[in-house]
Amino acid sequence: CLTLLVALSMVAQDKKMVDSLERNIGGEKVDSQKVNSLVLLSRRYWTNDPAKGKKYAEEAFTLSKKISFLAGQGKALNSLGNIFYQMGEYKTALQYHKEALAAREKTGNKAEIAASWNNIGNCYNNTGNSKLALQAYKKCAAIDSVLGDKYGLSADYNHIGNVYGRISNYEIALKYLLLSVKIKQEIRDKY
């Protein structure tokens, strides 16, 4: 019963935030804040209303190009990639994630670059291209290591281990999975 109440409370809070963002984007001047609001709205609809999420992401991309907001372009393209990924359209998702990576590399935001490499790895992984998935995940892991992002690094090692397991290279798979577990224990991540 308590779990249900907490879940309902979270849904109500999320709905309030979405309602607030939707009200505000109409009145916001065209600037980076409006782009960021549109990207946030897009993310809220990735799974439950992809068409609406896509509409917001496309609007964010158009506005970010208009005002030369490169970071916004990267976020909007990433959002579009995630929408198509959620719909199972991995090749289209991959193209958007590659475009997001290109924009993010121009901004130099290492955390977002790592996230793009992770998303690219996920797309390759879901299309069965283990070699390119491993390359992408390893690039992500290298960046997360430099950033000291242990949560990200544990996820990266888990992805790498899973890919090696799928291609029957169990010794290397075990090595990466154990590295992931070790980091999770260090940061007290129980998942």
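Two helices count as roughly parallel when the angle between them is under 35 degrees, and as roughly antiparallel when it is over 145. Keep that in mind while looking at helix H4 in this predicted model, where H4 packs against helix H6 and also against helix H5.

| Helix pair | Residues | Angle | Axes apart |
|---|---|---|---|
| H4 and H6 | 70-86 and 110-126 | about 25° | 11 Å |
| H4 and H5 | 70-86 and 90-107 | about 160° | 8 Å |

Start with H6. The angle of about 25° is under the 35 degree cut-off, so H4 and H6 are roughly parallel to each other. H4 passes H6 in a left-handed crossing. On the H4 side, the contact is made by Lys75, Asn78, Asn82 and Tyr85, and H6 brings Glu112, Asn119, Asn122, Cys123 and Asn126. Sort those by class and you get two nonpolar, five polar and two charged residues.

Now for H5. Here the angle is about 160°, which is over 145, so H4 and H5 are roughly antiparallel to each other. This crossing is left-handed too, with H4 passing H5. H4 residues in the contact include Leu70, Ala71, Gly74, Leu77, Leu80, Gly81 and Phe84, and among their H5 partners are Tyr90, Ala93, Tyr96, His97, Ala100, Ala103 and Arg104. The class split for H4 with H5 is eleven nonpolar, seven polar and four charged residues.

A few H4 residues turn up in both places: Lys75, Asn78, Asn82 and Tyr85 are part of the contact with H6 and also of the contact with H5.

How values were computed: Residues are numbered from 1 along each chain as its sequence is written. This is a predicted model: local features need pLDDT of at least 70, side-chain atom pairs count only at pLDDT 80 or more; totals for chains, interfaces and linings use all residues. Side-chain values use heavy atoms; hydrogens and water are left out. Axes are lines fitted to C-alpha atoms, for helices over the stretch in contact, and angles run from 0 to 180 degrees between N-to-C directions. Helices (H or I, at least four residues) and strands (E, at least two) are DSSP runs, numbered from the N terminus. Angles under 35 degrees count as roughly parallel, over 145 as roughly antiparallel, 65 to 115 as roughly perpendicular and the rest as oblique. A crossing is left-handed if the near helix is turned anticlockwise from the far one by less than a right angle, and right-handed if clockwise. Contact means heavy atoms within 4.5 Å. Ala, Val, Leu, Ile, Met, Phe, Trp, Tyr, Cys and Pro count as nonpolar, Asp, Glu, Lys and Arg as charged, and the others, Gly among them, as polar.
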